[in-house]
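Here are my notes on the model you sent round. I have kept them to numbered points, so that each can be checked against the display.

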Amino acid sequence: MPSSRAAVLADHIEAAIADGAIPAGSRLGTKEELRRSHDVAYGTLNEALRILQQRGYVTSRTGPGGGLFA
C-alpha cells in the first residue's frame with residue numbers, strides 16, 4: 001500500500017533533520033511557508049506535522065518569532 005502524501009512529506013522532513021540538513025532547533029517556518037515550499041494542501045501539511053510531532057522531530061511555538069522548529 002503506498003504511503004500517503006503526508007507520510008512521505010513527514011519522512012522527507014525527518015530525514016533532513018536527521019541528516020543535519022535542517023539543524024536541530026532551527027526554525028522551519030510557518031505552516032503557510034511550509035505548505036507553499038512543499039506544494040501541499042493544508043490538511044496534508046497538518047497531518048505531516050502531527051506525525052513529526054509524535055516522533056519528536058518538530059515543535060511549534062506561538063507568539064512573536066513563533067512557528068515550527070526542528
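**Notes on the predicted model**

1. Aromatic pairs. The count of aromatic pairs comes to 0. Such a pair would be described by the distance between the ring centres and the angle between the ring planes. Please bear in mind throughout that this is a predicted model.

2. Charges over rings. Two arginines are worth a look here. The charged end of arginine 61 sits over the ring of phenylalanine 69, at 3.8 Å from the ring centre. Arginine 35 lies over the face of tyrosine 42, and there the distance to the ring centre is 4.5 Å.

3. Tyrosine 42. This residue belongs to helix 3. Is tyrosine 42 buried or exposed? Neither: tyrosine 42 counts as partly exposed because its relative accessibility is 49%, and the partly exposed class lies between 20% and 50%. Neighbours within four places in sequence aside, tyrosine 42 is in contact with Glu32 and Arg35. Its C-alpha atom is 8.1 Å from that of lysine 31, which is 11 residues away along the chain.

4. The sheet. Three strands make up an open sheet, in the order 1-3-2, with antiparallel pairing. Strand 1 (27–29) and strand 2 (59–61) are the edge strands, and each of them pairs on one side only. From one strand to the next, the twist averages 40 degrees. Strand 2 is joined by 3 bridges to strand 3 (residues 67–69), and the two run antiparallel. As for individual partners, threonine 59 is bridged to phenylalanine 69 in strand 3.

5. Helix 1. Helix 1 covers residues 5–18, which is 14 residues. From first C-alpha to last it reaches 20 Å, close to the 20 Å expected at 1.5 Å a residue. Buried residues in helix 1 are Ala6, Ala7, Leu9, Ala10, Ile13, Glu14, Ala16 and Ile17. In an α-helix there are 3.6 residues a turn, so residues three or four places apart point the same way. The buried residues of helix 1 pack against helix 2 and helix 3 (42–55). Just after helix 1, glycine 20 has a positive phi of about 90 degrees.

6. Helix 2. Helix 2 (residues 31–38) lies across strand 1 and strand 3, and runs at about 70 degrees to strand 1. Glutamate 33 is found in this helix. Glutamate 33 is classed as partly exposed because its relative accessible area is 43%. The C-alpha atoms of glutamate 33 and aspartate 19 are separated by 22 Å, with the two positions 14 residues apart along the chain counted as their spacing.

7. Aspartate 39. Where does aspartate 39 lie? Its place is in the loop between helix 2 and helix 3. Its phi is near 50 degrees, which is a positive value in a residue other than glycine. Most residues other than glycine have a negative phi. Aspartate 39 counts as exposed because its relative accessible area is 62%, and the exposed class begins over 50%.

8. Threonine 44. Threonine 44 lies in helix 3. Why does threonine 44 count as buried? Its relative accessibility is 19%, and buried means under 20%. Apart from neighbours within four places in sequence, threonine 44 is in contact with Arg5 and Ala6. Ala6 is also one of the buried residues of helix 1.

Technical notes. Residues numbered from 1 in each chain as written. Predicted model: local features only at pLDDT ≥ 70, side-chain atom pairs only at ≥ 80, totals over all residues. Heavy atoms only, no water. Pairing = 2+ DSSP bridges. Helix = DSSP H or I, 4+ residues; strand = E, 2+ residues; numbered from the N terminus. Axes fitted to C-alpha atoms, helices over the stretch in contact; angles between N-to-C directions. Contact = heavy atoms within 4.5 Å. Phe/Tyr/Trp six-rings, centres within 6.5 Å; stacked < 30°, edge-to-face > 60°. Lys NZ or Arg CZ within 6 Å of the ring centre and 35° of its normal. Expected span 1.5 Å × (residues − 1). Buried < 20%, exposed > 50% of the residue type's maximum accessible area, 1.4 Å probe, protein only.
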